[in-house]
Amino acid sequence: MTGGFSKLRHGMLPAPPIEKGPPRMSSSLTVAKHRANLQKLREETEAGIATLEVSYNELDPEEAASDVGAGEDEGGSEGDLTRFERDRIRARIAEEKLFLEVIDAAEARTHDRNWKNCAKCGNPIGDPRLEALPATELCVTCKANRGSW
């Protein structure tokens, strides 16, 4: 056999250089598309907050306070349930407002050239993960090592 194949097979030609550092992933997700995904997520979150606030305001605290319904031996009063539901909705609103801050931080990261890299280890997050979870800052490995999803 003659030619390049024979020389390569017998180790006469140097092997191509091995790239060091994190593996490169295809870059099908553009900054513009990612920012649009974040904007859509922001709008959905804001709409969810508005819906929760309407539900919260529909549960009248005055009515709950004046409820003399069932005693504790009968499972509590309807006012107890109203207060519980208002507390649950209030906590959910607070969580959603914190998520808006996470979205803002993700949008701010898009101005950095390493916006597709994990904030913890520096490896690529991966376009599929960023498309599914636009506000994420961690790769799957770092998120799994964190202990909570």
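# Notebook: cores, a cavity and some cysteines

I started with the largest nonpolar core, and found eleven residues in it: Leu 38, Leu 41, Ile 49, Leu 52, Tyr 56, Ile 89, Ile 93, Leu 100, Ile 103, Ala 106 and Ala 135. I then looked up which helices feed this core, and helix 2 (31-58) and helix 4 (78-109) each give at least two residues. There is also a second, separate core of eight residues, with Cys 118, Ile 125, Leu 138 and Cys 142 among them. Note to self: this is a predicted model.

My course notes fit here: in soluble globular proteins, nonpolar side chains tend to be buried together.

**Overall layout.** I stepped back to see the whole chain. It has six helices and zero strands, so my sketch of the order, by the way helices are assigned, reads α-α-α-α-α-α. Of its 149 residues, 26% count as buried. I also checked how far apart contact partners sit in the sequence. Among contacts with a separation of 6 or more, 59% join residues 24 or more positions apart.

**Ile 89.** I picked one member of the largest core and asked what it touches. Skipping neighbours within four places in sequence, Ile 89 contacts Leu 52, Ser 55, Tyr 56 and Leu 59. Leu 52 and Tyr 56 are also on the list for the largest core.

**Glu 96.** Next I went to Glu 96, which is in helix 4. Is Glu 96 buried or exposed? Its relative accessibility is 17%, and because the cut-off for buried is under 20%, Glu 96 counts as buried. Again leaving out neighbours within four places in sequence, I found Glu 96 in contact with Thr 45, Ile 49 and Leu 52. Ile 49 and Leu 52 belong to the largest nonpolar core.

**The cavity.** I searched the whole structure for cavities of 30 Å³ or more and got one. The largest cavity holds about 40 Å³ of space. Which residues line the largest cavity? I wrote down His 34, Ala 106, Arg 109, Thr 110, Trp 115, Leu 130, Pro 134 and Thr 136. Sorted by class, that lining has four nonpolar, three polar and one charged residues. Ala 106 turned up earlier too, as a member of the largest core.

**Thr 110.** I followed up one lining residue, Thr 110. Thr 110 sits in the loop between helix 4 and helix 5 (127-132). I had to check its burial, and its relative accessible area is 5%, so Thr 110 is buried. With neighbours within four places in sequence set aside, Thr 110 contacts Val 31, His 34, Arg 35, Leu 38 and Trp 115. His 34 and Trp 115 also line the largest cavity. I looked at Ala 32 as well: Thr 110 and Ala 32 are 78 residues apart in sequence, and their C-alpha atoms are 9.1 Å apart in space.

**Cysteines.** Last job: how many disulfides does the structure hold? I got zero. Cys 121 is in none, and its nearest cysteine sulfur, on Cys 142, is 3.7 Å away. A disulfide needs the two sulfurs within 2.5 Å, so that pair does not count. Cys 142 is in no disulfide either, with the sulfur of Cys 118 as the nearest at 3.7 Å. I compared the burial of these two. Cys 121 is partly exposed at 38% relative accessible area, whereas Cys 142 counts as buried at 8%. Cys 118 and Cys 142 are both in the second core.

How values were computed. Residues numbered from 1 in each chain as written. Predicted model: local features only at pLDDT ≥ 70, side-chain atom pairs only at ≥ 80, totals over all residues. Heavy atoms only, no water. Core = buried A, V, L, I, M, F, W, Y, C linked by side-chain atoms within 4.5 Å. Buried < 20%, exposed > 50% of the residue type's maximum accessible area, 1.4 Å probe, protein only. Helix = DSSP H or I, 4+ residues; strand = E, 2+ residues; numbered from the N terminus. Contact = heavy atoms within 4.5 Å. 1 Å grid on protein atoms, 1.4 Å probe; cavity = no way out; pocket = protein on both sides within 12 Å on 5 of 7 lines; lining within 4 Å. Points joined across faces, edges and corners; volume = space filled by probe spheres on them. Nonpolar A, V, L, I, M, F, W, Y, C, P; charged D, E, K, R; others polar.
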